[in-house]
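Q: I should like to learn how to read the features of a protein model. Could we proceed one feature at a time?

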Amino acid sequence: MRSTRALPSKGKILSSDLILEVKDLQTVFITEEGVVKGCNGVSYSLKKGETLAVVGESGSGKSVTAMSILRLIPEPPGKIVGGQILFDGIDLVQATEKQMRKIRGNQIAMIFQEPMTSLNPVLTVGRQIGESLQLHQPELGKAATRARVIELLELVGIPSAEQRINEFPHQLSGGMKQRVMIAMALACNPRVLIADEPTSALDVTIQAQILNLIRKLQQQLGMSVIMITHDLAVVAETADSVAVMYGGRIVEYGSVDEIFHQAKHPYLEGLKRSMPRLDVEEEELYTIEGMVPNPLKLPSGCPFRPRCPQVMDRCCEEPPAISFSETHYARCWLYAEGGTDA
Amino acid sequence: MPESCVLKVEDLQVYFPVKKGVLKRTVGHVKAVDGVSFELRRGETFGLVGESGCGKTTTGKAIVRLEPSFGGKIFCQGREITHLSPLEMLPLRSCMQMIFQDPYSSLNPRMTIADIIAEPIRFHRPEADVSAEVVEYMEMAGLRKEYLLRYPHEFSGGQRQRIGIARALACKPQIIIADEPVSALDVSIQSQIINLMKTLQRELGLSYLFIAHDLSVVKHISDRVGVMYLGSLVEVCETGELYRKPLHPYTKALFASVPIPDPRKRSEKVPLQGEIPSPLNAPPGCKFQTRCPHATDRCRSEAPKLECAGEEHQVACHYWRDIQE
């Protein structure tokens, strides 16, 4: 059904442009010390061709959400206990393992943070990329698979692809390995690409190359991208919409311009001010006091409460999501009077 | 060497031999650091930036003699330390301390915080009142004294980095070599550590050699910056001027690659193609020639030396005058 050309066949497009919808997702990890709410009521939606950035610090639940979409949460200790993930009319939370195997790597693909450890060191690059092709498109012959792998390597900008196909991961540099990971993810023309910190392990000049490559491929192939990152600058460069996560929840959600120019949540505001910047002169950096919260001991109500400079008594209660525009909301009591409850 | 200069490096070379065959003969060298010269002045922060594999960490390690140098000279407070024996180095060790990148692996997991900080005090100043000093250094680094008897695993990354800083301070150093001290930390914690380091510098008159790959962080903390590429310094400059007016084509490309946290300033261009070559077979002439848009035959044969381009500005490029728009 799916085409083997570099450009994807049109396929089925949902009536609206929505491709993926996460609704009130709850994933927990049951550990000896207690239950960790890895992601606690996360909702977001992804349109066709859109880039959604999920930004947060370590332990904020950004990767857990992505892993839940692909149902890659190790079970036990992890478990999706609530919510829906709607993709193509199927609820991925309820999907069988057999259904998931058809989606994983085929319709939704993922690139991981560390290209050094996510490639198999004893298989050639060509074999690893070909693997998902053979799994999802067994009708392709050996020669056709090889031709497609070379085409993919050229697509991601690897020079002399004909030779590279026979090389092993250790013969490639970090940037090249990440390109191979991208080629692998693109092998079956996925409709959604989840990129989990795709450039955090790379140098800035290589980071610029890889971000540009993802952007170019997205336009060329019409994919939607979920970009998971801790780096607000990467968000500013790539995203259309942004979800800011803290303590397993989305604390603010909006278009990239709203997030950077009309930030509402004190956490996002603090995060932006504590970043040293190349384009602005500053004397002393702003600091958010305290530590990134221990996910085992999240406070009641707003998770940012213990570090928030504008904390109030009401923050012990669950903060409501206040809408500022059709696309923009923040979960904070500060705006409770003026805004409308969503 | 002028009074104000606490550390001076002259033409430092660190080569690692490449051995092959049954007899393990040396068949070549990886020139990790190849002719680096700079000085660190009293109370200033000198930032060393560059991409991975450019030799910035090796430079730091060679200065504290954790890595043997192949050639060149290192002066610490006017005294040459390049060839001192480990025993002769001992008294100087308290003068130069290092803070490491990974706060998870640089603290002994079986020692309490008190022991970790007390160890250098007991060693260098056995006559001191150890327990009082430990508390003093913990407070200096922003750690509560209730943490005294806890173990490193009970702390978060930012707090562990504070322990590493307290341990370094306990030697009463004048020079601190900080190797990527904040790159393993979350953004909100990063700024806490940077501000702590700046405060300590003001109060104790410390000199920092600040090694990092993050240009924004280096800009924020440094007085002067050296940019490294493939084992050599390509540009050394006072921070403000370097970020306003970089001269070397590599520095320019490096700055242009840094994403700006503002979607209204988004750019689509990729400033630098290709990758850093392997230091095992570095290109002849200027090391940047394989990726430089301005490279000529002269660059391919003759290596440029650092030359003055201003009062506090040196650049290693044959054509820095010609390529300014």
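The dialogue below takes up sheets, burial, contacts and annotations in turn.

Q: What kind of model is this?

A: This is a predicted model.

Q: How should a sheet be read, and in what order do the strands of the open sheet in chain B lie?

A: Strands of a sheet pair through backbone hydrogen bonds, either parallel or antiparallel. In chain B, 8 strands form an open sheet with mixed pairing, and their order is β6-β7-β8-β3-β9-β10-β12-β11. The edge strands are β6 (96-99) and β11 (307-310) of chain B, each of which pairs on one side only. From one strand to the next, the twist averages 20°.

Q: Which strands does β10 of chain B pair with, and how many bridges are there in each case?

A: Strand β9 (residues 224-229) of chain B runs antiparallel to strand β10 (residues 232-238) of chain B, and 6 bridges join them. Two partnerships illustrate the register: B:M228 is bridged to B:L233, and B:G226 stands opposite B:V236. The hairpin of β9(B) and β10(B) has 2 residues between the strands, and B:L230 takes a positive phi near 50° there. β10(B) is also joined by 3 bridges to strand β12 (residues 313-315) of chain B, again antiparallel; here the bridge partner of B:E235 is B:V315. As to burial, 6 of the 7 residues of β10(B) are buried.

Q: Why is strand β9 of chain A described as largely enclosed?

A: The criterion is a neighbour count: a residue is buried if 20 or more other C-beta atoms lie within 10 Å of its own. In strand β9 (residues 241-246) of chain A, 6 of the 6 residues are buried, so the strand is largely enclosed by the rest of the structure. A:S241, A:A243 and A:M245 point one way, whereas A:V242, A:V244 and A:Y246 point the other way, and all are buried.

Q: Which strands pair with β9 of chain A, and in what sense?

A: Strand β3 (residues 51-55) of chain A pairs with β9(A) in the parallel sense over 4 bridges, and A:V55 stands opposite A:V244. Strand β10 (residues 249-255) of chain A pairs with β9(A) in the antiparallel sense over 6 bridges, where A:V244 stands opposite A:E252. The hairpin of β9(A) and β10(A) has 2 residues between the strands, and A:G247 takes a positive phi near 55°.

Q: How is a nonpolar core read, and which residues touch the most other members of the largest one?

A: In soluble globular proteins, nonpolar side chains tend to be buried together. The largest nonpolar core here has 179 residues, and A:A183, A:I226, A:V244, B:A166 and B:F210 touch the most other members. Helix α7 (residues 174-186) of chain A contributes the largest share of this core, 8 residues. Leaving aside neighbours within four places in sequence, A:I226 is in contact with A:L46, A:L52, A:V54, A:A66, A:V192 and A:I194.

Q: Are B:T45 and A:D313 buried or exposed?

A: The same neighbour count applies, with 12 or fewer other C-beta atoms marking an exposed residue. B:T45, found in strand β3 (residues 45-49) of chain B, is buried because 24 other C-beta atoms lie within 10 Å. Outside its neighbours within four places in sequence, B:T45 has contacts that include B:Q201, B:Y208, B:F210 and B:I221. The C-alpha atoms of B:T45 and B:F210 are separated by 6.6 Å, although the two residues are 165 residues apart along the chain. A:D313 lies in the loop between α11 and β11 (321-323) of chain A, and A:D313 is exposed, with 7 other C-beta atoms within 10 Å. A:D313 and A:V256 are 57 residues apart in sequence and 31 Å apart in space, C-alpha to C-alpha.

Q: How many residues does each chain bring to the contact between chains A and B?

A: Chain A brings 36 residues and chain B brings 34 residues. On the side of chain A that touches chain B, α8 (204-221), α9 (232-238), α10 (256-261) and α11 (266-273) each supply at least two residues. α8(A) gives the most, with 7 residues. The residues of this side divide into 18 nonpolar, 11 polar and 7 charged.

Q: Which residues does the UniProt annotation "domain: ABC transporter" cover in each chain?

A: According to an unreviewed UniProt entry, the annotation covers residues 20-272 of chain A. That span is 40% helix and 28% strand, with its end C-alpha atoms 29 Å apart. For chain B, the annotation, also from an unreviewed entry, covers residues 7-255. Residues 7-255 of chain B are 36% helix and 29% strand, and the end C-alpha atoms lie 28 Å apart.

How values were computed. Residues numbered from 1 in each chain as written. Chains lettered and ligands numbered in written order. Predicted model: local features only at pLDDT ≥ 70, side-chain atom pairs only at ≥ 80, totals over all residues. Pairing = 2+ DSSP bridges. Axes fitted to C-alpha atoms, helices over the stretch in contact; angles between N-to-C directions. UniProt positions renumbered as here; feature names shortened; annotations may be inferred. Contact = placed C-beta atoms within 7 Å. Nonpolar A, V, L, I, M, F, W, Y, C, P; charged D, E, K, R; others polar. Core = buried A, V, L, I, M, F, W, Y, C linked by C-beta atoms within 7 Å.
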